[in-house]
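Trainee: I should like to go through this structure with you, one question at a time. Please give the reasoning before each result.

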Amino acid sequence: MCLEAAPKSGCKKSSCGCGGHGRHTPVVNQPDPRIILALKFDGEEAHKCACGGRTCPRHYLALTGFLLGGFLVLHLAINALGLWPDAFQAAVNRNHALGALLPVLEVGLIFLPLTIHVAFGLRTLRREKLKFGVEKHHHGSDLRQWLQRVTALIMLAFILFHVVTMHRWFGGRFDPGHAFSSASNAIWRFWHGLPAGHPGNLLFAQFYLLGIVAAIYHLTNGIATGAEVLGFVSTPAAGQRLWRVCLIAAPMLLLAGLAAWHAFAVR
Ligand code: HEM
Ligand code: HEM
């Protein structure tokens, strides 16, 4: 018997060490009061992650992740307009016509949620490292969760590089007046001195490919698991349905991402 509140993934990964086999002599420990407080008796199993039954940090990860997901879908869709540079310029003009509201939206809807998400994400990764099969709050497989964390690290490196090299606040090279050519130069000719197609430049263009693929996995898998964490799906069948929707959305987003990459990086 395992006395601790079992994680949704089953008892075998709980820290009681019973390995799920129940072969050891049961040790009747005094249960931690926080675990008792975190127990739920309405059929939903409780989790254990030292959040003490208060709002779990993973709720913040999922909430901010959903917000960032909205941004990412829009970002990839607008970038796919790069196939038609005039349409891309028109979309950028519309964004920048927001004037003083634009930085407010950028901070409120992108940079602030991203900072909170990354802070909670790094805290989780510092505690649990990239170990396979750690406790989780959803029914997704261990491999899916591990890939969620690997893609998180790839995205962290990519977003830092991408924002610093593109965004005006960091002296980046994106010029809204020449939206297509400036973005394309930043991606395709990272080293000004080297010709396009030189291995030094190709490396950075390929980093974009990696960033796009990682982001689409992280987003689509994260929506499916995050919906469980937030209680948006209440039964395993509903969770499976959402997972299938995400499996269909992933190649569609990949198509938009690859279209953008082709438009900006292959010239
Ligand atoms: C646009 C960028 C991003 C989006 C759309 C996004 C989205 C999401 C979503 C929806 C979740 C699901 C939450 C859940 O299952 O509870 C999640 C989890 C997570 N994200 Fe992100 N994320 C982004 C960037 C990042 C970055 C840069 C990091 C780097 C630290 C990161 C680290 C994590 C971690 C560690 C998890 C939890 C994985 C787990 O519990 O196993 N994310 N993200
Ligand atoms: C070929 C693909 C991509 C292109 C052409 C592209 C282009 C751009 C450009 C031009 C900007 C500057 C916007 C501005 O200063 O107004 C930007 C910002 C940004 N990009 Fe991307 N991007 C791509 C992929 C990605 C991916 C995969 C992610 C997420 C992992 C991402 C995350 C961001 C973020 C967080 C910002 C800063 C927020 C903003 O002000 O828009 N981008 N991108």
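Mentor: Helices and strands are taken here as DSSP runs, with at least four residues for a helix and at least two for a strand, numbered from the N terminus. Please keep in mind that this is a predicted model. On that basis, the elements of the protein chain from the N terminus on read α-α-α-α-α-α-α-α.

Trainee: How many helices and how many strands does the secondary structure of the protein chain come to?

Mentor: The order of elements along the protein chain is α-α-α-α-α-α-α-α. The count for the protein chain is accordingly eight helices and zero strands.

Trainee: What percentage of the residues of the protein chain count as buried?

Mentor: A residue is called buried if 20 or more other C-beta atoms lie within 10 Å of its own. The protein chain has 267 residues, and the share of them that counts as buried is 24%.

Trainee: Among contacts between residues at least 6 apart in sequence, what percentage join residues at least 24 apart?

Mentor: Contact here requires C-beta atoms within 7 Å. Among contacts in the protein chain between residues at least 6 apart in sequence, the share that joins residues at least 24 apart is 62%.

Trainee: Which helix supplies the largest share of the largest nonpolar core?

Mentor: This core has 30 residues, and those touching the most other members are Leu76, Ala215, Ile216, Ala260, Trp261 and Phe264. At least two core residues come from each of α2 (57-80), α3 (85-96), α5 (142-166), α6 (179-188), α7 (199-229) and α8 (236-265). The largest share, 10 residues, is supplied by α7.

Trainee: Which residues does Leu76 touch, not counting residues up to four places away in sequence?

Mentor: Leu76 is one of the core residues that touch the most other members. With residues up to four places away in sequence not counted, Leu76 touches Leu253, Ala256, Gly257 and Ala260.

Trainee: Is Gly257 buried or exposed?

Mentor: Gly257 belongs to helix α8. Leaving aside neighbours within four places in sequence, Gly257 is in contact with Leu76, Ile212 and Ile216. Gly257 and Val73 are 184 residues apart in sequence, yet their C-alpha atoms are 9.4 Å apart in space. Because 23 other C-beta atoms lie within 10 Å, Gly257 is buried.

Trainee: How are α7 and α8 oriented to each other?

Mentor: The axes of α7 and α8 come within 9 Å and cross at roughly 160°. Angles over 145 degrees count as roughly antiparallel. Therefore α7 and α8 are roughly antiparallel.

Trainee: What are the numbers of nonpolar, polar and charged residues in the contact of α7 with α8?

Mentor: Residues of α7 in this contact include Ala205, Tyr208, Leu209 and Ile212, and those of α8 include Gly239, Leu242, Trp243 and Cys246. The crossing of α7 and α8 is right-handed. By class, their contact has 17 nonpolar, four polar and one charged residues.

Trainee: Why are α2 and α7 classed as oblique to each other?

Mentor: Two packed helices are described by the angle between their axes and the distance between the axes. The axes of α2 and α7 come within 9 Å and cross at roughly 135°. Since angles over 145 degrees count as roughly antiparallel and 65 to 115 as roughly perpendicular, this angle fits neither class, and α2 and α7 are therefore oblique.

Trainee: Which hand does the crossing of α2 and α7 have?

Mentor: Among the residues of α2 in this contact are Arg58, His59 and Ala62, and among those of α7 are Ala215, Leu219 and Gly222. The residues of the contact divide into seven nonpolar, five polar and one charged. The crossing of α2 and α7 is left-handed.

Trainee: Is Lys129 buried or exposed?

Mentor: Lys129 is placed in the loop between α4 (101-128) and α5. Lys129 has a positive phi of about 50°, although this residue is not a glycine. Because Lys129 has 10 C-beta neighbours inside 10 Å, Lys129 counts as exposed.

Trainee: Which residues does Pro176 touch, not counting residues up to four places away in sequence?

Mentor: Pro176 lies in the loop between α5 and α6 and is partly exposed, with 14 other C-beta atoms within 10 Å. Pro176 and Gln89 are 87 residues apart in sequence and 7.8 Å apart in space, C-alpha to C-alpha. Beyond the residues up to four places away in sequence, Pro176 touches Val92 and His96.

Notes
Residues are numbered from 1 along each chain as its sequence is written. Chains are lettered from A and ligands numbered from 1 in the order in which they are written. This is a predicted model: local features need pLDDT of at least 70, side-chain atom pairs count only at pLDDT 80 or more; totals for chains, interfaces and linings use all residues. A nonpolar core is a set of buried Ala, Val, Leu, Ile, Met, Phe, Trp, Tyr and Cys residues joined through C-beta atoms within 7 Å. A residue is buried if 20 or more other C-beta atoms lie within 10 Å of its own, exposed if 12 or fewer, and partly exposed in between; C-beta atoms are placed from the backbone. Two residues are in contact if their C-beta atoms, placed from the backbone, lie within 7 Å. Axes are lines fitted to C-alpha atoms, for helices over the stretch in contact, and angles run from 0 to 180 degrees between N-to-C directions. Angles under 35 degrees count as roughly parallel, over 145 as roughly antiparallel, 65 to 115 as roughly perpendicular and the rest as oblique. A crossing is left-handed if the near helix is turned anticlockwise from the far one by less than a right angle, and right-handed if clockwise. Ala, Val, Leu, Ile, Met, Phe, Trp, Tyr, Cys and Pro count as nonpolar, Asp, Glu, Lys and Arg as charged, and the others, Gly among them, as polar.
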